[in-house]
Amino acid sequence: MKVAVCKEPKKPLVFEEWEVPDIGDGEVLIKVHYCGVCHSDVHIADGDWADWVTYPTVPGHEVAGVAVKVGKNVTWIKEGDKVGMPWIYSSCEVCDYCVEGDEPLCPNHEITGITKQGGYAEYMKAPGRFVTKIPDDLDLAHSAPLFCAGVTVYSALKHLNVKPGETVVVHGIGGLGHLAVQYAKAMGARVVAVSHSSEKEEISRQIGADHFIDSSKTDPAEEIKKLGGADVILTTVFRTEAIQPLLDGLAPRGRLSVVGAAQEPLHVAPFDLITKRIILTGSAVGGRKLLRETLQFSADFGIKPMIEVHPFEKVNEVLDRVRSGKVKIRAVLKMT
Ligand SMILES: [Zn+2]
Ligand SMILES: [Zn+2]
């Protein structure tokens, strides 16, 4: 089988021919049909997480395909099922976080495409208990990005406890943000899209945003305040300096969650915390329960990512497109 390997950071991925993996008890062999390209894959390829990633590695954690072999004791998945694999490859399954379906908080989880072979390959094996079924109504190409981009923002909105009628600001209208707009709208919120690019206004309105704020031309917090303030701000942007000005737009009891892993600190005055009782938090991917919900919710409400599909052979060019911000919304590799 053909595999794209990141042999060392800052070098193009290399195609290799590997044996199709054998599966053991409890495992599933997935024929990968599509694999989404996430910004994390660029971090892996560029060595930004070199302390954490062991090279060589096969990236790819937005895997959508078909179960072609099912090991003994796998009852949940049958051969021929449409299935996928997310960032969380496996976890300890017995800590309190795992028992509550909050596997991203498990101290002993494995990561698809980092500590285990990911989906930049024609086949991958995975533990059956972490293989997730894809609802019939979703096609494989559009399902792939739901396994990271989708579950990340869906989980964040669930953790933020979005209620119908609330004003939800989605900051950054890219792969994650454009799904967040659709989920928040389907949850009954009034949705405000904030982007520093006026080009995103048309897309934002197409996918259901009630308002659009161009943060390159106006003070976004002032504009949000004119709309009555934000009950929820979900920011998908990676730059702290772009997030900081939004804090002032939070209404009393407002909640802000970050899903972009910026390193620089956010500043908040304790005075604002006590007088407005605002909450600042963050969220990363999602556990199996929320992943199932993400997929079913997307199927029920007809929510799809906007994707550009490229052949697997172009993986290095696609990583370049992601790196330079040329991908319009989300890129997906077609494996065969
Ligand atoms: Zn990802
Ligand atoms: Zn655990």
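Helix α4 carries a run of buried residues: Ala149, Gly150, Val151, Thr152, Val153, Tyr154, Ser155, Ala156 and Leu157. The helix covers residues 149-159, and nine of its eleven residues are buried. This is a predicted model, and every value here is computed from it. What lies over α4? The cover of its buried residues includes three strands from later in the numbering, β10 (167-171), β13 (230-235) and β14 (250-258). It also includes the helices α5 (177-186) and α10 (288-301), and strand β17 (330-334). Just after the helix, Asn161 takes a positive phi of about 55°.

Step back to the whole protein. It has eleven helices and 17 strands. Its radius of gyration is 20 Å, close to the 20 Å that the globule rule gives for 336 residues, so the protein is as compact as a globular protein of that length. The C-alpha trace spans about 60 × 40 × 35 Å along the principal axes. Of the 336 residues, 55% are buried. Contacts reach across the sequence too. Among those with a separation of 6 or more, 68% join residues 24 or more positions apart.

Two zinc ions come next. Which protein atoms hold the zinc ion (ligand 1)? The donors are Cys38 (SG), His61 (NE2) and Cys148 (SG), and they lie 2.0 to 2.2 Å from the ion. Along the chain these donor residues are spaced C-x22-H-x86-C. Cys38 sits in the loop between β3 (27-37) and α1 (39-46), while His61 sits in the loop between α1 and β4 (63-70). That pair is 23 residues apart and links distant parts of the chain. Cys38 and His61 are both buried.

The zinc ion (ligand 2) has a cysteine site. Cys92, Cys95, Cys98 and Cys106 each coordinate the ion through SG, at 2.3 to 2.4 Å. Their spacing along the chain is C-x2-C-x2-C-x7-C. Why is the arrangement called tetrahedral? The four donor atoms subtend angles of 102 to 119° around the ion, which makes it so. Burial varies within this site. Cys92 has 27% relative accessibility, so this residue counts as partly exposed. Cys98 has 6% and therefore counts as buried.

Now the aromatic rings. A pair of aromatic rings is described by the distance of the centres and the angle of the planes. The structure holds eight such pairs. One of them joins Trp52 and Trp87: the centres are 6.0 Å apart and the planes stand at 55°, so the pair is tilted. Trp52 lies in the loop between α1 and β4, and Trp87 in the loop between β5 (82-85) and β6 (88-90), so the pair ties together parts that are 35 residues apart in sequence. Is each ring buried or partly exposed? Trp52, at 41% relative accessibility, counts as partly exposed. Trp87, at 10%, counts as buried.

Phe297 and Phe301 form another tilted pair, at 4.5 Å centre to centre with 35° between the planes. Both residues belong to helix α10, and they are four residues apart, so about one helical turn separates them. Phe297 has 14% relative accessibility and therefore counts as buried. Phe301 has 48%, so this residue counts as partly exposed. These two rings belong to one aromatic cluster with Tyr154 and Tyr183. The link returns us to α4, where Tyr154 is one of the buried residues. Helix α10 is also among the elements that cover α4.

Two arginines meet aromatic rings. The charged end of Arg288 sits over the ring of Phe130, at 4.0 Å from the ring centre. Arg292 places its charged end over the ring of Trp76, at 4.3 Å from the centre.

A last stop is Asp46. This residue has its place in helix α1. What does Asp46 touch beyond its neighbours within four places in sequence? The contacts are Pro9, Lys10 and Arg323. Asp46 has 18% relative accessibility; buried means under 20%, so Asp46 counts as buried.

Conventions:
Residues numbered from 1 in each chain as written. Chains lettered and ligands numbered in written order. Predicted model: local features only at pLDDT ≥ 70, side-chain atom pairs only at ≥ 80, totals over all residues. Heavy atoms only, no water. Donors = N, O, S within 2.8 Å, 3.2 Å for Na, K, Ca; no water. Helix = DSSP H or I, 4+ residues; strand = E, 2+ residues; numbered from the N terminus. Buried < 20%, exposed > 50% of the residue type's maximum accessible area, 1.4 Å probe, protein only. Contact = heavy atoms within 4.5 Å. Phe/Tyr/Trp six-rings, centres within 6.5 Å; stacked < 30°, edge-to-face > 60°. Lys NZ or Arg CZ within 6 Å of the ring centre and 35° of its normal. Tetrahedral: all angles 85-135°; square planar, octahedral: opposite > 155°, others 65-115°. Rg over C-alpha atoms; globule rule 2.2 N^0.38 Å.
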